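Subject: Structure handover

Hello,

Here is the structure I promised to pass on. Please open it first, then read my notes below.

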Amino acid sequence: LIFAFFVGLSAMWMVPNPARNALIAESVEEGRMGVAYSTLMAISQITSTVMASAGGYIAVVAGYSPIFYITLIGTGIGLVTNAVYLRETISNKDQNRIKTSLSRKIKGVLIPERHVWDLYMILIINGFGYTTAYSILYGTLVDRFGFSPFQIGLISTSFSLGWGIMSIPVGNFTEKLERRKSLLASWVLALVT
(Lines give C-alpha, C1' and ligand atoms only; values in the text may rest on other atoms or scores of the structure.)
Protein backbone atom coordinates (compact mmCIF):
# COMPACT_ATOMS: atom_id res chain seq x y z
CA LEU A 1 0.00 0.00 0.00
CA ILE A 2 2.82 2.41 0.82
CA PHE A 3 4.55 1.61 -2.49
CA ALA A 4 1.29 2.14 -4.41
CA PHE A 5 0.82 5.48 -2.65
CA PHE A 6 4.25 6.72 -3.79
CA VAL A 7 3.76 5.40 -7.33
CA GLY A 8 0.46 7.31 -7.34
CA LEU A 9 2.25 10.48 -6.27
CA SER A 10 4.69 10.19 -9.16
CA ALA A 11 2.00 9.21 -11.70
CA MET A 12 4.70 9.12 -14.37
CA TRP A 13 2.58 7.04 -16.71
CA MET A 14 -0.43 9.34 -16.81
CA VAL A 15 -1.02 12.22 -19.20
CA PRO A 16 -2.91 14.15 -16.49
CA ASN A 17 0.42 14.57 -14.72
CA PRO A 18 0.66 18.38 -14.38
CA ALA A 19 4.41 18.57 -15.00
CA ARG A 20 4.15 16.57 -18.21
CA ASN A 21 1.16 18.60 -19.40
CA ALA A 22 3.00 21.85 -18.74
CA LEU A 23 6.10 20.60 -20.54
CA ILE A 24 4.05 19.58 -23.59
CA ALA A 25 2.10 22.85 -23.61
CA GLU A 26 5.35 24.85 -23.55
CA SER A 27 7.15 22.69 -26.12
CA VAL A 28 4.56 22.04 -28.83
CA GLU A 29 2.78 24.38 -31.23
CA GLU A 30 -0.66 25.33 -29.96
CA GLY A 31 -2.48 23.65 -32.84
CA ARG A 32 -0.68 20.32 -32.37
CA MET A 33 -1.09 19.72 -28.63
CA GLY A 34 -3.85 17.15 -29.08
CA VAL A 35 -1.62 15.01 -31.27
CA ALA A 36 1.34 15.46 -28.91
CA TYR A 37 -0.69 14.32 -25.89
CA SER A 38 -2.23 11.44 -27.77
CA THR A 39 1.13 10.32 -29.20
CA LEU A 40 2.59 10.10 -25.70
CA MET A 41 -0.52 8.20 -24.58
CA ALA A 42 -0.18 5.82 -27.54
CA ILE A 43 3.48 5.15 -26.72
CA SER A 44 2.57 4.50 -23.09
CA GLN A 45 -0.32 2.19 -23.89
CA ILE A 46 1.45 0.23 -26.60
CA THR A 47 4.37 -0.33 -24.22
CA SER A 48 1.82 -1.49 -21.64
CA THR A 49 0.44 -3.89 -24.24
CA VAL A 50 3.70 -5.80 -24.28
CA MET A 51 4.60 -5.43 -20.62
CA ALA A 52 1.21 -6.42 -19.14
CA SER A 53 1.48 -9.93 -20.57
CA ALA A 54 5.14 -10.10 -19.61
CA GLY A 55 4.21 -9.05 -16.07
CA GLY A 56 1.52 -11.73 -15.88
CA TYR A 57 4.03 -14.33 -17.07
CA ILE A 58 6.67 -13.19 -14.55
CA ALA A 59 4.06 -13.38 -11.75
CA VAL A 60 3.18 -16.98 -12.68
CA VAL A 61 6.80 -18.12 -13.05
CA ALA A 62 8.63 -16.12 -10.35
CA GLY A 63 5.99 -14.52 -8.13
CA TYR A 64 5.21 -10.87 -7.47
CA SER A 65 8.47 -9.72 -5.88
CA PRO A 66 10.34 -9.40 -9.20
CA ILE A 67 7.53 -7.19 -10.53
CA PHE A 68 7.94 -4.89 -7.53
CA TYR A 69 11.70 -4.59 -8.13
CA ILE A 70 11.30 -4.13 -11.89
CA THR A 71 8.82 -1.30 -11.20
CA LEU A 72 11.19 0.27 -8.71
CA ILE A 73 14.12 0.10 -11.14
CA GLY A 74 12.01 1.40 -14.05
CA THR A 75 10.76 4.33 -12.01
CA GLY A 76 14.33 5.10 -10.91
CA ILE A 77 15.59 5.03 -14.52
CA GLY A 78 12.72 7.34 -15.53
CA LEU A 79 13.56 9.75 -12.74
CA VAL A 80 17.27 9.84 -13.63
CA THR A 81 16.50 10.23 -17.35
CA ASN A 82 14.17 13.16 -16.61
CA ALA A 83 16.76 14.81 -14.37
CA VAL A 84 19.52 14.47 -16.98
CA TYR A 85 17.69 15.26 -20.23
CA LEU A 86 14.78 17.59 -19.45
CA ARG A 87 15.45 21.30 -19.63
CA GLU A 88 13.42 24.23 -18.33
CA THR A 89 11.22 25.64 -21.10
CA ILE A 90 10.29 28.94 -19.42
CA SER A 91 12.72 31.78 -20.11
CA ASN A 92 14.22 33.80 -17.23
CA LYS A 93 12.05 36.77 -18.23
CA ASP A 94 8.89 34.62 -17.92
CA GLN A 95 10.06 33.16 -14.60
CA ASN A 96 10.46 36.66 -13.15
CA ARG A 97 7.00 37.62 -14.44
CA ILE A 98 5.26 34.66 -12.76
CA LYS A 99 6.80 35.19 -9.30
CA THR A 100 3.99 35.78 -6.82
CA SER A 101 3.50 35.99 -3.08
CA LEU A 102 3.47 32.80 -1.00
CA SER A 103 -0.21 33.18 -0.03
CA ARG A 104 -1.19 33.61 -3.67
CA LYS A 105 0.83 30.53 -4.66
CA ILE A 106 -0.87 28.45 -1.96
CA LYS A 107 -4.29 29.69 -3.07
CA GLY A 108 -3.38 28.90 -6.68
CA VAL A 109 -2.40 25.35 -5.76
CA LEU A 110 -5.40 24.58 -3.55
CA ILE A 111 -8.27 26.38 -5.30
CA PRO A 112 -9.09 25.44 -8.91
CA GLU A 113 -9.48 28.21 -11.46
CA ARG A 114 -13.15 29.11 -11.92
CA HIS A 115 -13.10 29.29 -15.71
CA VAL A 116 -12.27 25.57 -16.00
CA TRP A 117 -14.71 24.18 -13.42
CA ASP A 118 -16.74 22.60 -16.23
CA LEU A 119 -13.70 20.56 -17.19
CA TYR A 120 -12.99 19.64 -13.58
CA MET A 121 -16.56 18.38 -13.14
CA ILE A 122 -16.32 16.28 -16.31
CA LEU A 123 -13.05 14.77 -15.08
CA ILE A 124 -14.50 14.04 -11.63
CA ILE A 125 -17.53 12.27 -13.14
CA ASN A 126 -15.37 10.39 -15.63
CA GLY A 127 -12.80 9.50 -12.98
CA PHE A 128 -15.44 8.26 -10.56
CA GLY A 129 -17.03 5.96 -13.14
CA TYR A 130 -13.76 4.75 -14.60
CA THR A 131 -11.93 4.05 -11.37
CA THR A 132 -14.91 2.57 -9.60
CA ALA A 133 -15.43 0.00 -12.33
CA TYR A 134 -11.88 -0.54 -13.53
CA SER A 135 -10.23 -0.65 -10.12
CA ILE A 136 -12.33 -3.58 -8.98
CA LEU A 137 -12.59 -5.37 -12.34
CA TYR A 138 -9.44 -7.47 -11.94
CA GLY A 139 -10.24 -8.39 -8.34
CA THR A 140 -13.73 -9.46 -9.41
CA LEU A 141 -12.35 -11.58 -12.25
CA VAL A 142 -9.94 -13.33 -9.90
CA ASP A 143 -12.42 -13.78 -7.04
CA ARG A 144 -15.53 -14.69 -9.01
CA PHE A 145 -14.14 -16.45 -12.08
CA GLY A 146 -10.74 -17.69 -10.89
CA PHE A 147 -8.65 -15.84 -13.48
CA SER A 148 -4.90 -16.44 -13.25
CA PRO A 149 -2.32 -13.61 -13.20
CA PHE A 150 -1.43 -14.51 -16.80
CA GLN A 151 -5.07 -14.15 -17.89
CA ILE A 152 -5.30 -10.80 -16.08
CA GLY A 153 -2.14 -9.78 -17.96
CA LEU A 154 -3.78 -10.69 -21.27
CA ILE A 155 -6.88 -8.67 -20.42
CA SER A 156 -4.72 -5.71 -19.46
CA THR A 157 -2.82 -6.16 -22.74
CA SER A 158 -6.06 -5.97 -24.73
CA PHE A 159 -7.11 -2.85 -22.85
CA SER A 160 -3.74 -1.15 -23.41
CA LEU A 161 -3.65 -2.11 -27.09
CA GLY A 162 -7.13 -0.68 -27.71
CA TRP A 163 -6.24 2.50 -25.84
CA GLY A 164 -2.92 2.83 -27.66
CA ILE A 165 -4.46 2.35 -31.11
CA MET A 166 -7.22 4.90 -30.48
CA SER A 167 -5.08 7.59 -28.80
CA ILE A 168 -3.69 9.34 -31.89
CA PRO A 169 -6.98 9.35 -33.87
CA VAL A 170 -8.75 10.82 -30.81
CA GLY A 171 -5.99 13.45 -30.52
CA ASN A 172 -6.50 14.44 -34.17
CA PHE A 173 -10.27 14.55 -33.67
CA THR A 174 -9.81 16.74 -30.59
CA GLU A 175 -7.73 19.21 -32.59
CA LYS A 176 -10.44 19.40 -35.27
CA LEU A 177 -13.05 20.11 -32.58
CA GLU A 178 -10.79 22.74 -31.03
CA ARG A 179 -10.41 24.50 -34.39
CA ARG A 180 -14.19 24.64 -34.66
CA LYS A 181 -14.47 25.89 -31.05
CA SER A 182 -17.38 23.56 -30.45
CA LEU A 183 -18.07 23.49 -26.71
CA LEU A 184 -20.80 20.86 -26.99
CA ALA A 185 -18.61 18.58 -29.09
CA SER A 186 -15.76 19.01 -26.62
CA TRP A 187 -18.07 18.05 -23.73
CA VAL A 188 -19.27 14.95 -25.58
CA LEU A 189 -15.69 13.95 -26.41
CA ALA A 190 -14.59 14.46 -22.80
CA LEU A 191 -17.46 12.34 -21.49
CA VAL A 192 -16.87 9.58 -24.05
CA THR A 193 -13.14 9.42 -23.43
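**The bend in α7**

Helix α7 bends by about 40 degrees at Leu 137. Keep in mind that this is a predicted model.

Let me stay with this helix for a moment. Helix α7 covers residues 117-145. How far apart are its end C-alpha atoms? They are 41 Å apart. With 29 residues at 1.5 Å a residue, α7 should span 42 Å, so the two values agree. Gly 146 follows α7, and its phi is positive, near 70 degrees.

Now look at which side chains of α7 are covered. Ile 122, Tyr 138 and Leu 141 are buried in this helix. Ile 124 is also found in α7. Is Ile 124 buried or exposed? Its relative accessible area is 52%, and exposed means over 50%, so Ile 124 counts as exposed.

Ile 124 also belongs to a nonpolar surface patch. Its partners there are Trp 117, Leu 119, Tyr 120, Met 121 and Leu 123. The patch measures about 580 Å².

**The whole chain**

How many helices and strands are there? The protein chain has nine helices and zero strands. From the N terminus on, the order of elements is α-α-α-α-α-α-α-α-α.

The chain has 193 residues, and buried residues make up 17% of them. It exposes about 14,300 Å². Carbon and sulfur atoms supply 70% of that area.

Contacts tell you how the chain folds back on itself. Take the contacts with a separation of 6 or more. Residues 24 or more positions apart account for 62% of them.

**Helix α3**

Helix α3 runs over residues 33-62, which gives it 30 residues. From first C-alpha to last, α3 reaches 41 Å. That is close to the 44 Å expected at 1.5 Å a residue. Where is the kink in α3 centred? It is centred on Thr 49, and the angle is about 30 degrees. After α3 comes Gly 63, with a positive phi near 90 degrees.

Two alanines in α3 deserve a look.

- Ala 36 is found in helix α3. Its relative accessibility is 17%, and buried means under 20%, so Ala 36 counts as buried. Leaving aside neighbours within four places in sequence, Ala 36 is in contact with Ile 24 and Val 28. Ala 36 and Ile 24 are 12 residues apart in sequence, and their C-alpha atoms are 7.3 Å apart in space.
- Ala 54 has its place in α3 too. Its relative accessible area is 27%, which lies between the 20% and 50% limits, so Ala 54 is partly exposed. Thr 157 is 103 residues away from Ala 54 along the chain, but their C-alpha atoms are separated by 9.4 Å.

**Ser 167 in α8**

Finish with Ser 167. This residue lies in helix α8, residues 149-180. Why is Ser 167 called buried? Its relative accessible area is 6%, and the limit for buried is under 20%, so Ser 167 qualifies. What does Ser 167 touch, apart from its neighbours within four places in sequence? It is in contact with Ser 38, Met 41 and Ala 42.

Find these residues in the viewer as you read.

Best wishes

Definitions and conventions
Residues numbered from 1 in each chain as written. Predicted model: local features only at pLDDT ≥ 70, side-chain atom pairs only at ≥ 80, totals over all residues. Heavy atoms only, no water. Patch = residues over 30% accessible without salt bridge, like charges linked within 9 Å, V, L, I, M, F, W, Y side chains within 5 Å. Areas by Shrake-Rupley, 256 points an atom, 1.4 Å probe, with all protein chains shown as cover. Salt bridge = Lys/Arg side-chain N within 4 Å of Asp/Glu carboxyl O. Helix = DSSP H or I, 4+ residues; strand = E, 2+ residues; numbered from the N terminus. Buried < 20%, exposed > 50% of the residue type's maximum accessible area, 1.4 Å probe, protein only. Contact = heavy atoms within 4.5 Å. Expected span 1.5 Å × (residues − 1). Bend = angle between axes of the 7 residues up to and from the residue.
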